[in-house]
Amino acid sequence: MIAPLSRKPVAPTFMGRLRDDKRGSTLAMLAIALIPLSLMVGSGIDTARLYVVKVRLQQACDAGVLAGRKALVSSSSTTLDSNADAQARTFFGNNFKAGWMKTNTVSFTPSKTSDQQVSGVASAVVPMTITGFFAPPVTINVACEARYDVADTDIMFVLDTTGSMACTAAGSCSGTVDTYTRPDGTTGYHAHEVSGSKISGLRTAVLNFYDTVAANADPTTHIRYGFVTYTSTVNAGYALPQSAIVDSWTYQSRSIVGDANNGSSSNNTQTGVGQTNCNNMAGRSPASGFNTDGTATRVTTSWSSGSGGTCVITTQPLKPTWRYQPVTYNTSQYKTGATVDDPSKVDGTTSKWQGCVEERDTTATATFDVNNLPPDLDPDLAASSDSTKWRPMWPEVEYYRGNNTTYDYSGNVSKPSTPPAPFVYGDYTGSGATQSLTSAGAPANLSSGYVSCGKPVSRLAVMARSDVSNYVNASDFVPQGGTYHDTGMIWGTRMIAPNGVFASDTAAWPGRNEPNRYIVFMTDGDMAPNYNIYGMYGMEYYDKRVTGSSGLGNDTDYHNARFLAECAAAKARNIKVFVIGFGQTLTTQLTQCASPGKAYYASDNASLNQAFQDIAKQVALLRISQ
């Protein structure tokens, strides 16, 4: 057997030892893994840097074009004027500094658009940090455009023009009454305005409001204005289609129910008269009704055969017996504005509708559900039946009758006289207001404000400054009547509601979004209903449409409830409500009516103007597009 060969051990080489040595392997693997880990972390950091730089660059671009738009001078030039260009670049530079986040090659170029706006483009080069050894710098680009204008906007002024507006904010009043000629030629009454009156301050404040909004307007912006002046009534009838007004309505009036003797009778005896001829002399003149002086005669005869036929003729002067009670009249012609005979008189007196309305059906309660309102408080409800239609106020046929349900009276005369006092009101002679058996349309009641039919409303429309000036400076924009906040708010909301009777007035312009809608409600007094006033809910003493059986002592609370219900209805329709108390403490009701933070107090004419300015600036919203 051959023995195996023996081998002499060989010393290992360095590389061999390194190959066989397992110690330190983890460190090598970690070193290799650090490369992709660094790339991942660095990529995340640089991506975040790119996002932050882009956001800041966009903000700076927006600020630049906005500043340029504010400084822009409108012209036919297609290029940006030098001042606007400089303002734009300055604001951009103030908001984005080269070198921030190691950016470089920062540029911003503003330009003028075809519709008188300012657009811009901006860019910045952002070098990478951790990944910079293999990733090139990134260029970020943004675009921006600014529009400095007011959004399409509808503004409805609801303005208290009651008698106290004739006084100064300090309470100085004349206490006298003036007459004026209405646009239709009839005579109206209003409280005498003293120098520096609140209503003069209101006229100025409204015009300055218009100027403030107009100063911020853009040629592409649409702005509409509307006006509601309110007292115990609102003159809105002629703004409605005639089909929305009833053809008959029941008024607290009077009607003739029979004849009454007007003094003593007289006898006349004729002889030689046959019986037939004698009988034919009997009768009434006129056959029915009364002469224009309120008189008639009734002739009775008696015949005897003596003296060839003797006829005794008895003539009895007559006058009407009036029954004061609710009476239904035809209003189909009266509501057109035609001059019609006064059906509550016999003297040929005529009357003409001024345009004020009685409200449609309502619910006598102090609790309302904004989602289920009665017809008078529902601004969206169409006029489809007599219960949902309006009724023309007719003060000449509305009569006071004291606390009587009905009252029969035979007066000495039947027609009203003209001033001076004492006046003859229907069948009653006196010089005071609201006296029993007097007409609501009698001069004493009109001059005392128990009936007030002020300036007609102005529906929403684009108005030039001259249009606004003509409205607030018109001869019939005058102080008169008492304070009923609910009447103003009902009609203000109704006329700007997006889905109501006047929806076409406040519809979005073609190709535009819905307009912003605002009510600016101004009053100089607290709610002050008077149940002797003939107003939007009739004669409350008799009609009780607001209070029902709860009692007239709750009149103020019930009217306040209607006011707040209508404020809620406006806000539910995305209409922002501003309220101004002019020399009037902001009551709980006024503050609650306003949208949050939109109630203002003005102590005098100057602060009233400031309140209107503050509101105008809020309405003139500044917005950035793109």
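This passage describes a pocket and a helix pair in a predicted model.

The second largest pocket has a volume of about 310 Å³. Its lining comprises 26 residues. Nearest the centre of this pocket lie Gly-163, Ala-191, Ser-448, Gly-449 and Gly-481. Two elements, β6 (187-191) and α6 (443-447), each give two or more residues to the lining. Strand β6 supplies the largest share, with three residues. By class, the lining of the second largest pocket holds 15 polar and 11 nonpolar residues. No charged residue takes part in this lining.

The helix pair is formed by α8 (residues 485-496) and α10 (residues 555-572). Their axes come within 8 Å. The crossing angle is roughly 20°. Angles under 35 degrees count as roughly parallel, and α8 is therefore roughly parallel to α10. The crossing of α8 past α10 is left-handed.

Residues from both helices build the contact. On the α8 side, the contributors are His-485, Asp-486, Met-489, Ile-490 and Thr-493. They meet His-559, Arg-562, Phe-563, Glu-566, Cys-567 and Ala-570 of α10. The contact between α8 and α10 is mixed in class: five of its residues are nonpolar, three are polar and three are charged. Among the charged residues are Asp-486 in α8 and Arg-562 and Glu-566 in α10. The nonpolar residues include Met-489 and Ile-490 from α8, together with Phe-563, Cys-567 and Ala-570 from α10.

Technical notes:
Residues are numbered from 1 along each chain as its sequence is written. This is a predicted model: local features need pLDDT of at least 70, side-chain atom pairs count only at pLDDT 80 or more; totals for chains, interfaces and linings use all residues. Side-chain values use heavy atoms; hydrogens and water are left out. On a 1 Å grid over the protein atoms alone, a cavity is a set of points where a 1.4 Å probe fits but cannot get out, and a pocket is an open set with protein on both sides within 12 Å along at least five of seven lines; lining residues have an atom within 4 Å of a point. Grid points are joined across faces, edges and corners, and a volume is the space filled by probe spheres set on the points. Helices (H or I, at least four residues) and strands (E, at least two) are DSSP runs, numbered from the N terminus. Axes are lines fitted to C-alpha atoms, for helices over the stretch in contact, and angles run from 0 to 180 degrees between N-to-C directions. Angles under 35 degrees count as roughly parallel, over 145 as roughly antiparallel, 65 to 115 as roughly perpendicular and the rest as oblique. A crossing is left-handed if the near helix is turned anticlockwise from the far one by less than a right angle, and right-handed if clockwise. Contact means heavy atoms within 4.5 Å.
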